Amino acid sequence: MSFDSFGLDPLILKAIAEEGYTEPTPIQAQAIPVVLQGGDVMGAAQTGTGKTAGFTLPILQMLAPVQNASPSPARHPVRALILLPTRELALQVAESVATYGKYMQIRSTCVFGGVDIAPQLKIVRAGVEVLIATPGRLLDHIEHKSVNLGQVQILVLDEADRMLDMGFMPDIKRIIALLPAKRQNLLFSATFSEEIKRLAGGILRNPKLIEVARRNATADKVRQVAYPVASDEKRALLQHLVRDKGIKQAIVFSNTKLGTARLARHLEQQGLKADAIHGDKSQSERIAALDKFKSGEIELLIATDVAARGLDIQEMPCVINYELPHAPEDYVHRIGRTGRAGAEGDAISFYSPEEEKYLLDIEKLIKVKIERVAARGFEPVADEPSFHAGRHERSRGRFDRESTSRHTRNTKIEKIDPWFLKPYEEGSAPAAAGPPKTDGNPPPAATGTKKAGVGALLGGLAKKT
């Protein structure tokens with residue numbers, strides 16, 4: 001089967017040919033004819049199999065009859081709305097629409113949060129047929145009255161499971177309420193859960209279910225291995241593997257923004273080319289980091305799950321889970337950044353004893369036993385102490401010993417007078433170093449009883465009257 005068999009517009013076929021694509025992927029071969037027929041679709045496929053083109057190509061084909069070069073915004077209403085959970089994924093889909101529709105008179109744009117809305121308002125008010133958006137920023141535009149959704153013919157929910165995880169459902173329901181009742185609905189996701197099916201039941205009408213692989217499957221050509229390692233030894237193991245295996249390009253996933261930033265900074269200090277991408281970085285900083293990574297200026301991109309969706313980097317050789325995700329579905333998306341479009345790739349995971357439960361959950365989801373391996377030539381020496389009390393006894397003990405030895409080296413120990421080590425005895429006192437000093441008068445005689453002695457020790461004798 002070729003793209004010609006779908007009956008696509010010659011201008012679309014020309015753009016496809018220039019990208020070097022000749023045959024559709026399985027998800028494209030099944031989804032494109034159904035979408036072109038106007039039916040609702042519920043599509044599931046392994047990440048990286050080309051499902052984005054599975055809906056962008058037929059959308060462009062269906063909008064071909066209404067394309068025009070008029071400058072009037074009224075001639076360019078929003079006819080196709082594509083909702084996505086992250087900025088990165090939105091940019092990827094926007095790039096796909098722009099690439100395949102570059103010879104057509106169809107306007108498209110992408111709106112997302114984290115950047116100034118003013119430039120977006122100008123573009124959207126000028127009129128666009130294809131609007132790619134994150135839910136929150138789309139609602140911002142609706143409040144600014146910059147966009148009207150009354151003529152939307154096609155609604156696409158991409159990465160629907162992620163939408164559910166990120167709590168976008170209230171926003172999505174508000175948006176759907178503004179759409180025409182008569183429309184075509186497409187729902188795509190790399191993983192399908194029962195919750196997603198219930199969501200689809202409230203939006204789709206008699207959808208065609210398209211699954212080109214079993215649910216939550218990972219690419220067959222991705223080699224998956226897991227290294228057991230203590231939490232405080234992960235940095236050292238990461239550096240060892242990068243140098244031992246000669247890894248020149250890899251995405252390293254961490255679970256927290258702070259941990260991501262610290263790991264990137266540490267690797268830079270160790271002479272590795274690394275940068276971080278996470279939710280606290282501005283959109284311009286994230287784009288700059290991705291551009292440097294794609295160009296090879298940096299070798300390791302340290303990322304939170306904000307980068308697990310929407311990154312499409314050709315021939316990505318390796319993905320490393322520095323920390324295992326707590327949701328096993330996120331593992332599928334993470335390692336989907338490698339082995340894309342049938343290519344080979346490596347998925348490496350680190351797991352500490354307390355993370356093994358997450359590894360078991362992942363194996364249960366993907367129905368694959370991940371090989372446990374030991375790092376060749378790796379000496380497990382922590383590069384920094386662990387401060388998580390009660391969790392890493394061995395590391396804590398090492399830190400205590402090191403602290404004690406440093407204290408011993410840097411502190412001058414004075415010889416202690418043995419008298420201070422004796423138990424208290426009434427009347428005992430350390431021997432004077434010399435004769436007592438006097439002012440010419442004899443010292444007063446010792447007086448009092450045992451109680452007086454204790455009183456003297458505690459603050460002096462009571463004054464006689």
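These legends walk you through a predicted model, starting with the whole protein and then turning to two close-up views.

**View 1. The whole protein holds 16 helices and 14 strands.** Welcome to the overview of this predicted model. Of the 465 residues in the protein, 49% are buried. Take the contacts between residues at least 6 apart in sequence: 74% of them join residues at least 24 apart. On the outside, the protein exposes about 24,000 Å², and carbon and sulfur atoms supply 53% of that area.

**View 2. Helix α13 packs against helix α14.** Here you can follow α13 through residues 328-335 and α14 through residues 356-366. Their axes lie 8 Å apart and meet at an angle of about 75 degrees. Angles of 65 to 115 degrees count as roughly perpendicular, and α13 and α14 are therefore roughly perpendicular to each other. On the α13 side, the contact is made by P328, E329, Y331 and V332; α14 brings D361, I362, L365 and I366. Sorted by type, the residues of this contact are 6 nonpolar and 2 charged, with no polar ones.

**View 3. I175 sits in helix α8 and is buried.** Look for I175 within α8, which spans residues 169-176. The relative accessible area of I175 is 0%, and buried means under 20%, so I175 counts as buried. Leaving aside residues up to four places away in sequence, I175 touches L81, L83, P135, L138, L139 and L149. One of these partners, L138, is 37 residues from I175 along the chain, and the C-alpha atoms of I175 and L138 are separated by 8.3 Å.

Definitions and conventions: Residues are numbered from 1 along each chain as its sequence is written. This is a predicted model: local features need pLDDT of at least 70, side-chain atom pairs count only at pLDDT 80 or more; totals for chains, interfaces and linings use all residues. Side-chain values use heavy atoms; hydrogens and water are left out. Axes are lines fitted to C-alpha atoms, for helices over the stretch in contact, and angles run from 0 to 180 degrees between N-to-C directions. Helices (H or I, at least four residues) and strands (E, at least two) are DSSP runs, numbered from the N terminus. Angles under 35 degrees count as roughly parallel, over 145 as roughly antiparallel, 65 to 115 as roughly perpendicular and the rest as oblique. Contact means heavy atoms within 4.5 Å. Ala, Val, Leu, Ile, Met, Phe, Trp, Tyr, Cys and Pro count as nonpolar, Asp, Glu, Lys and Arg as charged, and the others, Gly among them, as polar. Buried means under 20% relative accessible area, exposed over 50%, partly exposed in between (1.4 Å probe, protein chains only). Accessible areas come from the Shrake-Rupley method with a 1.4 Å probe; for residues, only the protein chains shown count as cover.
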